[in-house]
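Dear colleague,

Please find the structure below, handed over for your own inspection. My notes on it follow directly after.

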Amino acid sequence: MENLIAARMQMAISLGFHMVFAALGIGLPLLMLVAEGLWLRTKKQVYLDLARKWAKGTGILFAIGAVSGTALSFELGLLWPPFMRLAGPLIGPAFALEGYAFFIEAIFLGLYLYGWKRLKPIAHWLCGVPVAISGAMSGILVMSANSWMQNPTGFTMVNGQATNIDPVKALMNPSWGILALHLTLACYMATAFMVAAVYAWGLLKGRRDDYHKSGLAIAMVLGTLAALAQPISGDLTARLVYETQPTKLAAMESQFTTEAGAPLRIGGIPDVANRTVPFAIEIPSGLSFLATHDPNAEIQGLDAVPEADWPLVPLVHVSFQVMVGSGLAIILFSLAYWFLRWRKRDFGNWSLRALVLSGVLGVAALEAGWIVTEVGRQPWIIYNVMRTADAVTPAPGIWYTFTGFVGLYVVLAVTLIWLLLRLATGRPVENEDDERLAKSGKEAGGVTIA
Amino acid sequence: MSLSLEMLTAGLALLALTAYAVLAGADFGGGVWDFFARGPRANGQRRAIAEAMGPVWEANHVWLIFLLVILFTGFPVAFSALSVALFIPFHLLLVGIILRGAAFVFRAHGSEEAGPQRVWARAFGSASIITPVLLGMCLGAISAGEIRISGSVVQVNYFTAWLTPLSWACGALALALFAYLAAVYLTLETSGELREDFRQRTLISGGVVVAISVLLLPLLVWQAPRLAENLLSVRALPVLVLGVIFALLSLWAVLTRRFAIARVTAVAEVIMLLWGWAFAQWPYVIYPDLTLEASAAPDATLGFLLATAPIGALLLIPSLWLLFSVFKGRNPEAGEAGKMAGGRR
Ligand code: HDD
Ligand code: HEM
Ligand code: HEM
């Protein structure tokens, strides 16, 4: 039991940490490409400055994404050996394909980051294209592994052993498409609003120059498009959960009893002991309608399974509210931005503050969505096939490794924030390099830029 | 022995391990020389190392992930057992990998004067030393027979299984080989006095490699008699002999300043040593209880891995060629930066 809790926490921390960099690794290359593309077309210096700044950020963030991802690959086995014994042959193929995507991403990122002077402008831009594509592919492929855990296919269980293994069927599990779409949109959204927040902050600080306005605008185009599409994909996702994991849906909505015409509960904090949700706003028949498009449909409640097999209902419910609430708030703030821009050709301070907040909300929604997915799957590590408790490693001392990892990640996060704040000072990269050169006096002798 | 799917998959894994050793190994070696940068050109040495690593180290790192993925997809039973038995060294390895990578970018992207940057600069060197040692120790541990498996239960002493003298020697050998590779590569990416610095380092680490190898022989006979015996069998011995020949050739090439030859022979040396070990280890993944065959995934999965590999290779090979030809081909600029000990990017 001890081991189980520690292992779950170590997994959650590692995944939650990696997720931020993964999202940025998917979104930033796209923004970088757009900015550099605009520069190639218009030859306006601001676009080149933005592209170079984002490239620099990508360089740092990608490395952290790579090392934290490596940790995850080991941890799948370190923390859950029986799980990997069973699942390795089934989800491994997705990871193998993802491996090729990693290669392409790392190779072309090397060319892109270090090739500014060595490649012709067009060739340089073209090197960014595979980075953006393989970044997205990495996320999509790893989602196949995760959606298989939610909806396992491609094998039959005989006496606790998986037989009849069909890796292609496992890879192409029926939940993959919808979840991958939702995840990819979420990554673009989270990245775009993080970037928008930086430039909105700069504008608030009075740097009302072209550089900041263009940076904000590019991020807002991507962010708004993704944000508008997200509720649609979210609706598909919720109906998928209704079909494949009814207990998870019941936990998300705090639906304790099975009933027809189930209400939608917005907000509130579930009181599991009393089977109530204080402070929630109830919309009659709302849940039935959203899940099935029929207001009178019967929704399976948590009472359909023994209470010992419930996930942590309050956490799942609140996380779901955070995700949906953040998504809707972001849409509102984005629309306000475009409206003000269109009507007044400028944006008020309130709108800018809201965009700074959106940067936080985007990440919050991303992490909250994963808590819904992963905590909502409990007590199963492979839904209805293997219990998390049966999958944990027998090795002792996970509290030590957990504590160590938390410490390590805190140190990394602090350094990273410090570095990124210095990077985001609002000056284009070129000037920064000049300043560094000037400061390092005598060393400025042999300038060669790779 | 006929070629079965698990043999082919194991071959793919060995290929990934080899690529990781000769490519990423040199990046770790670079970190070692960063740690030991000395003398009037210490900064120039560090800069040459950073420039050589910068564009390629992340691509090189992916080989490890690829190896891991082949292992858990193709040999899930072995992967699970290893993850249990080597719980501690794998975690330490991760700390090393995380710190090394993070320190490299933190250092490269901040200005060197600021306080935390100095700490990260040290972390880069230290992590580059610790990680190869741990990698070598893990390889040592799976050959020595201290990890026992019955059914799905792993019987192991979590501390002593990987802390044997043999493991230590394997760790030291890995470290010395990586440092040697890096120094050899760097002689080709620098010129003038810097090149002399790295030539000297090549000779030092080459000497250390020879010394550790000699030390390893009695240890093998004592602690891993089966491995020692197999190393001397027809399937491994010719490979090992080739390895020794390449080792001597590459030392000779460095002595006589034929650096391009030194690079080719040093790479060949590392490949032969690894393959010699792998052929001797065969058919076991974890000696003495787990063979490749017993730990392999069903044929459908192995088939998937093998069928997609050529497609992956088709994507990878031209991309890698492009990367290395842009940054490592006739590369006057790297030489320039290296020559001017004070030059900076
Ligand atoms: C910017 C982030 C973001 C935003 C605004 C939303 N989501 Fe989301 N959601 C995610 C980010 C996310 C995620 C983190 O990416 C998850 C976790 C797993 C996945 O595939 O996507 C997720 C999971 C997830 C799940 C659980 C899937 C499962 O357990 O298999 C549901 C039902 C929804 N979402 C529904 C919605 C709805 C109805 C939204 C309405 C606006 C919404 N999401 C906005
Ligand atoms: C990066 C985004 C992800 C986040 C933030 C995340 C979050 C979490 C959390 C919070 C837990 C702990 C749940 C609990 O114990 O109550 C968990 C468990 C786990 N997740 Fe995820 N997850 C992510 C993606 C994935 C993916 C893509 C996989 C696919 C292999 C995966 C595999 C696992 C496993 C194996 C566990 C441990 C077993 C369990 O607790 O059920 N996760 N994750
Ligand atoms: C759904 C959640 C996940 C997404 C969207 C995701 C996406 C990504 C992306 C885009 C990268 C590229 C690096 C970057 O840009 O920072 C990356 C790196 C990596 N991820 Fe994840 N990942 C997820 C979860 C996982 C899990 C569960 C594992 C392992 C079990 C994993 C293993 C890795 C590895 C090994 C790398 C390093 C690749 C390299 O060296 O280039 N990821 N991930």
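Which atom of ligand 1 does a polar side-chain atom of His182(A) lie 2.8 Å from? The partner is a nitrogen atom of ligand 1; a polar contact here is a pair of N or O atoms within 3.5 Å, and within protein one must be able to donate a hydrogen and the other to accept it, with residues adjacent in sequence counting only if both atoms are side-chain atoms.

Before the remaining findings, please note the conventions. This is a predicted model, in which local features need pLDDT of at least 70 and side-chain atom pairs count only at pLDDT 80 or more, while totals for chains, interfaces and linings use all residues. Residues are numbered from 1 along each chain as its sequence is written, chains are lettered from A and ligands numbered from 1 in the order in which they are written, and side-chain values use heavy atoms, with hydrogens and water left out.

Chain A as a whole

Chain A contains 14 helices and 8 strands (DSSP runs numbered from the N terminus: H or I of at least four residues for helices, E of at least two for strands). Its radius of gyration is 24 Å, close to the 22 Å that the globule rule gives for 450 residues, so chain A is as compact as a globular protein of that length. The radius is taken over C-alpha atoms, and the rule is 2.2 Å times the number of residues to the power 0.38. Of the 450 residues in chain A, 59% are buried, that is, under 20% relative accessible area with a 1.4 Å probe and protein chains only.

Ligand 1

There are 24 residues around ligand 1, and His182(A), Lys248(A), Met323(A), Leu366(A) and Thr373(A) come nearest; a residue is counted if one of its heavy atoms lies within 4 Å. Besides the contact of His182(A), a polar side-chain atom of Thr373(A) is 3.4 Å from an oxygen atom of the ligand, and a polar backbone atom of Leu179(A) is 3.5 Å from an oxygen atom of ligand 1. The shell comprises 15 nonpolar, 8 polar and 1 charged residues (nonpolar: Ala, Val, Leu, Ile, Met, Phe, Trp, Tyr, Cys and Pro; charged: Asp, Glu, Lys and Arg; polar: the others, Gly among them).

Ligand 2

Of the 21 residues around ligand 2, those that come nearest are Arg8(A), Leu15(A), Glu374(A), Arg377(A) and Gln378(A). Side-chain N or O atoms of Arg8(A) and Gln378(A) lie 2.4 Å and 2.7 Å, respectively, from an oxygen atom of the ligand. Glu374(A) places a polar side-chain atom 2.5 Å from a nitrogen atom of ligand 2. Helix 1 of chain A gives the most to this shell, with 6 residues.

Ligand 3

Ligand 3 lies between chains A and B. The only protein donor of its iron atom is His18(A), through NE2 at 2.1 Å; donors are N, O and S atoms within 2.8 Å of the metal (3.2 Å for Na, K and Ca), and water is not among the atoms, so sites may look incomplete. His18(A) sits in helix 1 (residues 2-42) of chain A. Phe21(A) has a backbone N or O atom 3.3 Å from an oxygen atom of ligand 3. The largest share of the shell, 8 residues, comes from helix 2 of chain A, and by class the shell has 16 nonpolar, 10 polar and 1 charged residues.

Yours sincerely

Technical notes:
Buried < 20%, exposed > 50% of the residue type's maximum accessible area, 1.4 Å probe, protein only.
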